[in-house]
Amino acid sequence: MFGLKKKLARIGVLAGATAAVMAVSGVGASSALAETACVPEGTKIVGKGASLQKKAQEIWTGRKVESNPADPAYYEQANLPQAKGLGDGYFKQCEGKASPPSVTYGSTGSGAGLLAFRFTGEGTIDKKIGFIGTDDAPTVAQIEKAEEATTGGKATGANPIVVPVTQTAIAVIVNLPENCVFKAGKGINSAELTQVFGGTEITEWSQFSQIEAKVGGACGVKIKRVVRSDGSGTTFQFKNYLDVVDKTAGGTPPPCETAGVASPGITWADLMPIKSPGVNPNIEWPKCAGGTTVLTASGGSGVVAEVEKTDSSIGYAALPDAKKGGAAVEEVALQNGGTVIKTYAGPETGENANCENAKYDVPKKGQSDSMEAEKGESVNWSGTFGANPTIGGGNYPLCTLTYVIGWSDYTKTPIENPGNTSSIVEDYIKNYVVSTAAGFGQKDLVNNWYAPLPILGGVGSDNNVQDAAEFAAGKL
């Protein structure tokens, strides 16, 4: 009841009734209202997590986003310079206030975000963080670990609210040797993708079926793999794709023992989870005898920079990060269908991610018409992926959702100033980020290398991620 009174006080009874009518008729409540409250004034909140969200959060917050900010004061000021040229975001929506609220985000990787809310089971909830970002949605066990750190524990404490906020492509990027090119309209076959990142079956560029040497050149040059050094949702999603390719599209598993898991028997799925430092399979890659060199870099932008400066290298990064690379960095088309006649597609279309036709399965508890108890709260999105190696047409096969996570009741967490933090997190995520109205979160991402949340089926459908996002955001 307290939550209902709070919402009615903020948006007005009439607006609430209007939203209810529109929801019944199939229009999402946040898109229908599409207005930010920007109260209480003077409130400053901060989020941290997925680097895949770095550019999106700059667009949404209207503030610059730093990668791996080392200064603890970064998470206390929440008043960084306006991110000029990227959209005005929530900063602009609230600019007319005498003391407008402010939202700041730190790009630290999904692992650091999950740690801040104790999804990893380590430490305590970071009292300075209002929300986190992650591409690696927490599992049931991780959700319970976070709940245990709230007042009342997992039985009567605060519940994590997992909100999908956008999607993008994960690009495979290369810095080819000077004399090598991919054949026109071609790219990397599905099986070859697993083999090159396994490090032993494809060790030179000449071994790719769709690579050719320029006149007078040769491609027998050793490959270097560039991967993330930090616990990363982008890595989580990329390894899931390798696993799907291995199991359904002719790929191969890791070729040697990795992260203490023996081969044969090891799968790419074994190397996906983000866990405690020192036992983190997410950052482990096969390093077999005679295999290719593995170089590491922090953050998606770090991987792109390392590929750019390293001749004969290959890596992976979210499309918004990949687009920051210079002329030496090339995005590669991936096989997206066919067995005899193979077809390929690239990660972008125009200035957007080529994810318009990506399909994601919304967890039943996350669907707005679900009959499950506490629907919309503590929802397990960890089994939802965009990997589809045989999607066909002009569609890219490797897309991913990314999420923001807040709390159902901030007063049951150790987070500082819980009432004000709760109000601004709710306003920012529900009324701005997931809104599809012109000038708001979803449409602000157009031509910025993301793609809006998919809307497939009616309200409450198995694949309507936009409706699920609006429904979840209403639980904040």
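Over which residues does pLDDT stay under 50? That stretch is residues 1-33, for which the model has 36 contacts beyond four places in sequence. This is a predicted model, and a word of caution belongs here: where pLDDT is low, the predicted coordinates should not be read in detail. For the protein as a whole, the average pLDDT is 89, and 89% of the residues score at least 70.

Let us start the walk at strand β1, residues 44-49. Five of its six residues are buried, so the rest of the structure largely encloses this strand. β1 runs parallel to strand β3 (residues 102-107), and six bridges join the two. If you would like a landmark for that pairing, look for I45, which stands opposite V103 in β3. β1 also runs parallel to strand β4 (residues 131-134), this time with three bridges. Here the landmark is G49, opposite G133 in β4.

From β1 it is a short step to the disulfides, which number four and follow the pattern 1-2, 3-4, 5-6, 7-8 when bonded cysteines are counted along the chain. One of them joins C38 and C94, with sulfur atoms 1.9 Å apart. The pair links distant parts of the chain: C38 sits in the loop between α3 (29-33) and β1, while C94 sits in the loop between α6 (89-93) and β3, 56 residues apart. The torsion about their S-S bond is about -75 degrees, so this disulfide is left-handed. C38 has a relative accessible area of 1% and is therefore buried; C94 is also buried, at 1% relative accessibility.

Next, move along to Q210, in the loop between α10 (190-198) and β7 (211-213). Is Q210 buried or exposed? Its relative accessibility is 13%, so Q210 counts as buried. Leaving aside residues up to four places away in sequence, Q210 touches V181, F182, K183, K186, G187, N189 and Y344.

Helix α11 (residues 233-248) comes next. At 1.5 Å a residue, its 16 residues should span 22 Å, and its end C-alpha atoms are 22 Å apart, which agrees. The helix is mostly covered, with 13 of its 16 residues buried. At its N-terminal end, S232 acts as a cap, placing a side-chain oxygen 3.0 Å from the backbone nitrogen of T234. Just after α11, G250 takes a positive phi of about 80 degrees.

Beyond that helix you meet another disulfide, between C256 and C288, whose sulfur atoms are 2.1 Å apart. Both cysteines lie in the loop between α11 and β9 (293-297), 32 residues apart. The link is left-handed, with -85 degrees about the S-S bond. C256 is buried at a relative accessible area of 15%, and C288 is buried at 14%.

A further disulfide joins C355 and C399, again with sulfur atoms 2.1 Å apart. C355 lies in the loop between β15 (352-353) and β16 (386-387), and C399 belongs to strand β17 (residues 398-407), 44 residues apart. This link is left-handed too, at -95 degrees about the S-S bond, and both cysteines are buried.

Our last stop is N448, in the loop between α15 (441-444) and α16 (465-473). With a relative accessible area of 14%, N448 is buried. Which residues does N448 touch, not counting residues up to four places away in sequence? They are K55, I59, P320, E351 and N352. N352 lies 96 residues from N448 in sequence, yet their C-alpha atoms are 6.0 Å apart in space.

How values were computed: Residues numbered from 1 in each chain as written. Heavy atoms only, no water. Buried < 20%, exposed > 50% of the residue type's maximum accessible area, 1.4 Å probe, protein only. Helix = DSSP H or I, 4+ residues; strand = E, 2+ residues; numbered from the N terminus. Pairing = 2+ DSSP bridges. pLDDT = per-residue confidence, 0-100. Contact = heavy atoms within 4.5 Å. Expected span 1.5 Å × (residues − 1). Polar contact = N/O pair within 3.5 Å; in protein donor to acceptor, adjacent residues only side chain to side chain. Disulfide = S-S within 2.5 Å.
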